[in-house]
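Open the model in your viewer and get ready to select a few side chains. We will go from aromatic rings to a histidine and then to charged pairs.

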Amino acid sequence: MSTSNPDQPLATEANASAAQPDLSFWQVVRLSLKGQHLDYTAVPLNRAVLLLAVPMVLEMIMESLFAVVDVFWVSRIGSDAVAVVGLTESLMTLVYAVAIGISFAATAIVARRIGEKDAERAAQAAGQIILLGVTISAALGLVLSYFASDILRLMGASDSIVSLGSDFARIMLGCNVTVFMIFLINAIFRGAGDAVLAMRTLWLANALNIVLGPFFIFGWGPFPELGVTGAAVATNIGRGVGVLYQLWHLAGFHSRVRVRLRHLKPVWLDVQTIMATASTGIAQLLIGTTSWVGLFKILAAFGSAALAGYTIAMRIVMFALMPAWGLANAGATLVGQNLGAGKPERAEQAIRIATRFNVMFLGLIGLVFVFGSGPLVRLFTDDPPVLEHGVRALWIVSLAFPLYAAGMCLEAAFNGAGDTWTPTRLNFFCFWLFQIPLAWLLAEVFRLGPLGVFIAVPIGFSALALWSLVLFRRGRWKLKQV
């Protein structure tokens, strides 16, 4: 049953404004940050991509800024502390994989319902997604926090790292519901076209993280000195506040999707529909993120300096990749909404535009990272062995940035259409059957050590991008029903 949108007059006025041919770039930016409800199946595509991408990129810039600032403060404690963060984050990627896998379903389904102009079914899907996320994150938190120390040992951490990092890992893993909900509810906002709400959520949560981090780490003022554990405390306080902010909007304040208590009652048919899309999305992310765990496992054999250098390099890389994901997410939203409106060719063109913007953006950043790797890594460490590994990792991984950019947008097209199976296959072949064996061969058999792991990263991702392009051009993703 389709329901009318109470914000339709505002949407009509905003659509008329967005469609004006004489708007400058900065006028479009200002319009995108107002948070007005637009019909993205009707706004001119170049402008639609920008209207969605600007808040999504700003959202991801704050996320990437937090990641860099966090490791900046932790690096002041020592290389073991940085290794703790790197190992725990590699474990948290398993949690992220489940959350983001479900978020693929959230964006695809909510965007499809919004494109169909069915606000009630969009809210119903959102309620079931939240219910599913709380249940799964609680179960993961109980198990992973209990075995936190044992998991660190399995990752190859030394006794000193386990002793230093067990509490950090236990808090991060046990309180994963905060990051789980931020991912899922922001995916709902993005699917609905409420990109500004997603942006504001991460800016609020991560601003608190950044401010509270050094207070808890070093014991400034009345705060206890918790060392690396303080970073976990600050992170979860910030994310918890962000979740409360999200729930306030979903309860009926400004969000296009308005969730009521009736939407939180389990509806097994809807849950099955969500899981059908989410299951391969989860597998997709688990394959991709466990490949990072595999790389860390290989690196762990070469000591904490290699781990710390690689962790710093990847945090800097993520500073660039996270905003690029914002552009990819804009493409995913446009794919879902336009497929829901019965406009598959418009969906395809949206991805082509997003890809072009993303390649230009990441290509430029890649050049900066290649030629400025030394000064960038030196911002985080003066330890010569850590610095050497970090610089080498950063410039090698940055070489393939344009291909990363294209791969992000192409995989976003599949996920935005609800075709999460295609990227799952791609990740399995390119990462587990290619990248990890290549890293091991280069590091161990050809005796390149950590350098072999660094080289395997851009090669694996480049293969993924090229294969994605072939499947995108075939166009089967446009036929997917959710």
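Start by selecting Trp220, which is partly exposed because its relative accessibility is 37% (buried means under 20% relative accessible area, exposed over 50%, partly exposed in between, with a 1.4 Å probe and protein chains only). Now add Phe218: the two rings form a stacked aromatic pair, 6.1 Å centre to centre with 25° between the planes. Phe218 is partly exposed too, at 26%. Next add Phe215, whose ring centre is 5.3 Å from that of Trp220; the planes are at 75°, so this pair is edge-to-face. Phe215 has a relative accessibility of 28%, which again counts as partly exposed. The rule for pairs is that rings of Phe, Tyr and Trp (its six-membered ring) have centres within 6.5 Å, with planes under 30 degrees apart stacked, over 60 edge-to-face and the rest tilted.

A word on what you are looking at: this is a predicted model, in which local features need pLDDT of at least 70 and side-chain atom pairs pLDDT 80 or more, while totals for chains, interfaces and linings use all residues. Residues are numbered from 1 along each chain as its sequence is written, and side-chain values use heavy atoms, without hydrogens and water.

For a cluster of rings, select Trp292, Phe296, Tyr310, Phe369, Phe401, Tyr404, Phe431, Phe454 and Phe461, which are linked by ring pairs.

Where is His263? Look in the loop between α10 (228-250) and α11 (268-300) (helices are DSSP runs of H or I, at least four residues, and strands runs of E, at least two, numbered from the N terminus). His263 is buried, at 1%. A polar atom of its side chain lies 2.9 Å from the backbone nitrogen of Arg260. Show its contacts (heavy atoms within 4.5 Å): beyond neighbours within four places in sequence, they include Glu120 and Arg258.

Keep Glu120 selected and add Arg262: their side chains meet in a salt bridge at 3.3 Å, N to O (a side-chain nitrogen of Lys or Arg within 4 Å of a carboxyl oxygen of Asp or Glu). This pair links distant parts of the chain, 142 residues apart, with Glu120 in helix α5 (residues 119-146) and Arg262 in the loop between α10 and α11. Arg262 is exposed at 51%, whereas Glu120 is partly exposed at 25%.

Finish in helix α13 (residues 344-371), where Glu348 and Arg352 lie 4 residues apart, about one turn. Salt bridges that share partners join Glu345, Glu348, Arg352 and Lys478 into one network.

How values were computed
A polar contact is a pair of N or O atoms within 3.5 Å; within protein, one must be able to donate a hydrogen and the other to accept it, and residues adjacent in sequence count only if both atoms are side-chain atoms.
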